[in-house]
Amino acid sequence: MSESKEKPIDFVRQMVAADVAAGKHDGRVQTRFPPEPNGYLQIGHAKAICLNFEIAREFKGLCNLRFDDTNPEKESEEFVQAIEDDIRWLGFEWAKVCFASDYFEQLFDWACQLIESGDAYVDDLSFDEMREYRGSITAPGKASPYRERPAAESLDLFKRMRAGEFADGEKVLRAKIDMAHPNMNMRDPVMYRIKRMHHHRVGDAWCIYPSYDFTHGQSDSLEQVTHSLCSLEFEDHRPLYDWFIEKLGIFPSKQTEFARLNLTYTVVSKRKLRTLVEGGYVSGWDDPRLPTLRGMRRRGYPAEAIRNFCATVGVTKVPSTSDVALLEHAVREVLNRTASRRMAVLNPLEVELTNWPEDEVIEVEGVNNPEDPDAGTRKIPFAKRLLIEQEDFREEANRKFFRLKLDGEVRLRGAYIIKCDSIEKDADGKVTKLLCSVDLDTLNKNPEDRKVKGVIHWVSAAHAIEAPVRLFDRLFSEEKPEADKAVEFTEFVNPDSLEEGIAYCEPSLAGIEAGTTCQFERVGYFCADSELSKPGQPVFNRTVGLRDTWAKKN
RNA sequence: AGGCCGAUGGUGUAAUGGUAACACUACUGGUUUUGGUCCAGUCAUUUGGGGUUCGAAUCCCUAUCGGCCUGCCA
């Protein structure tokens, strides 16, 4: 609807637009998001998801979800469900859900075809021998002694591989390309391996499984994918991707690579996330400190914020590391206009209003969201004994501190102006209680004779509900925990990434629904944890703090 | 070391042979019953060298730096 700060068009979209303009594939655009169901989605996947689904939408095309399930060793139905769930939460719906395993029979036929045409052969070399024969980055490889075996023999062997006549690893099917090719992927890559393992979808129907390289491009082709977008590390695979398509004479999907997303103060690779989970550094794949979709969701990051973030980091071929501040800004931007305001005190200091009647309780009105008049108001109880934030009081301070000090005045948000007349201390000299007087003529109005600049949040001590809060900090203390290859990244895990405490909340917070995020005024955004909250007893996660230009300077 | 890819403020991107711009960050001020939001402003950029051109971030050469590649993972 509303419109157009013309967004910069990334190189992928430019290419797609050019293809459409040239009438390629009759102007049809089709993409796909191709996860392997062996783990949970993270922020880097979100970038790929947004790219693929949004391009399909922008060019009035289709985007499928396809599971690249060619390695039963690590894959499971559980991950299939979780991935579907995460993509929907992010805000996308696929045209079709597909599985590479649905193409196994077709892939097998194609493999036979390549054997017959002399483009593939069965190899008996062992794993170690094959590595030896492959050569190295600087030295050419050499031909396997089985490379020239007659096609008929390879075909027979391949069929017997499928029939289960050989042990795991005893033989493989290889493409016959060029053992001296400078691109290692072209040195007769493996197309099929023998692996007796139960597959989450095809069960025990197969004991041979196709490799990624012999599956991915053909799957794209079968689905009529026009633009196959993947990350940079597959650049070297593109010649092979094209080789299979050409040899088979099938629909020419085109692969284009872009840089994956990296973030400061975190890690995103599946292997490293797994290390954090299995090493007990975090509580699970949905730990709110993790950049997994489930973690971020639980922490309270809105899906819209993640989509916006992906749009601002853009799509290029430059390997880069985005500042988490960019992500946090996207989160605040959405939450500022959508989150309901509430008051809660994290480090309480008691305030007694000396001129307020002992039993009098009134209700003041709180604005739910100054950014959104439609959000309405709520009632907040106000009584003689209150709780304020310890850091909002100083016995003495200079004029730049415009919160409460002894003999000073401050506005209680949504209520009255109070003056601190005296304080009580314990034996250690710690301030334990503030005795204040209320200016009764300041509810919803400012005094005419003076200006009171400070405003602090508060809750009524007798009405406050206590809720556990979990204050998260960055998971790593190092900006690029992976940068030093000599040091294991877990060395940089921030020991203080989780701080637990109690929030003294205004009563309305008891009714917050799990999974919703609100702003604790002057403190930050907090999400009622979806796992730990019980009806009437929320547990809060700090989604992100408010920008705090005061704290930074002090 | 061989192949492929890449290099624009602190970070992420734009400019596609014609005035280097946007967002974030940082900093200054203003508004404000959130030291939030909002508004105004400041600092700061084309990796080095050569070439082509009236004119180069953009094209060419070269150096340097960075990423990926030697799984029967994807």
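The following conversation goes through a predicted model of a protein with RNA strand B and asks what each descriptive word rests on.

Guide: In this predicted model, local features need pLDDT of at least 70 and side-chain atom pairs count only at pLDDT 80 or more, whereas totals for chains, interfaces and linings use all residues. Residues are numbered from 1 along each chain as its sequence is written, chains are lettered from A and ligands numbered from 1 in the order in which they are written, and side-chain values use heavy atoms, with hydrogens and water left out.

Visitor: What makes a residue count as near RNA strand B, and how many residues surround the strand?

Guide: A residue is near a strand if one of its heavy atoms lies within 4 Å of it. For RNA strand B, 70 residues surround the strand, and the closest are Gln14, Arg403, Gln519, Arg522 and Lys552. Of the atoms of RNA strand B that come within 4 Å of the protein, sugar and phosphate account for 62%.

Visitor: Which classes make up the surface near RNA strand B?

Guide: That surface has 26 charged residues, together with 22 polar and 22 nonpolar ones. Here Asp, Glu, Lys and Arg count as charged, Ala, Val, Leu, Ile, Met, Phe, Trp, Tyr, Cys and Pro as nonpolar, and the others, Gly among them, as polar.

Visitor: What distances separate Lys74, Asp323 and Asp548 from sugar or linking oxygens of RNA strand B?

Guide: A polar contact is a pair of N or O atoms within 3.5 Å; within protein, one must be able to donate a hydrogen and the other to accept it, and residues adjacent in sequence count only if both atoms are side-chain atoms. A polar side-chain atom of Lys74 lies 3.2 Å from a sugar or linking oxygen of the strand, a polar backbone atom of Asp323 is 3.1 Å from such an oxygen, and for an N or O atom in the side chain of Asp548 the value is 3.4 Å. The elements that give two or more residues to this surface include helix 11 (303-313), strand 11 (320-322) and helix 13 (549-553), while helix 12 gives the most, with four residues. Helices (H or I, at least four residues) and strands (E, at least two) are DSSP runs, numbered from the N terminus.

Visitor: Why is the pair of Phe476 and Phe489 called tilted?

Guide: Rings of Phe, Tyr and Trp (its six-membered ring) pair if their centres lie within 6.5 Å, and planes under 30 degrees apart count as stacked, over 60 as edge-to-face and the rest as tilted. The ring centres of Phe476 and Phe489 are 6.0 Å apart with planes at 45°, so this pair is tilted. Both residues lie in the loop between strand 25 (465-472) and strand 26 (498-505), 13 residues apart.

Visitor: Why, then, is the pair of Phe520 and Phe540 called edge-to-face?

Guide: Their ring centres are 5.1 Å apart and their planes stand at 75°, so the pair is edge-to-face. Because Phe520 lies in strand 27 (residues 517-520) and Phe540 in strand 29 (residues 540-545), the pair ties together parts that are 20 residues apart in sequence.

Visitor: What makes Asn541 buried, and which side chains does its own side chain contact?

Guide: Buried means under 20% relative accessible area, exposed over 50%, and partly exposed in between (1.4 Å probe, protein chains only). Asn541 has a relative accessible area of 0%, so this residue is buried. Asn541 lies in strand 29, and its side chain makes a polar contact of 2.8 Å with the side chain of Arg470 and one of 2.7 Å with that of Asp529.

Visitor: How do you know that Leu276 is buried or exposed?

Guide: With 0% relative accessibility, Leu276 counts as buried. Leu276 is found in helix 9 (residues 270-278), and its C-alpha atom is separated by 9.9 Å from that of Phe489, 213 residues apart along the chain. Phe489 is buried too, as is Phe476.

Visitor: How do you know that strand 21 and strand 22 pair, and in which sense do they run?

Guide: Two strands pair if DSSP finds at least two bridges between them. Eight bridges join strand 21 (residues 417-425) to strand 22, and the two run antiparallel, with Ile418 opposite Val438. They form a hairpin with five residues between them, where Gly429 in the turn has a positive phi of about 85°. Strand 22 (residues 431-439) also pairs with strand 14 (residues 348-353), in the parallel sense over four bridges.
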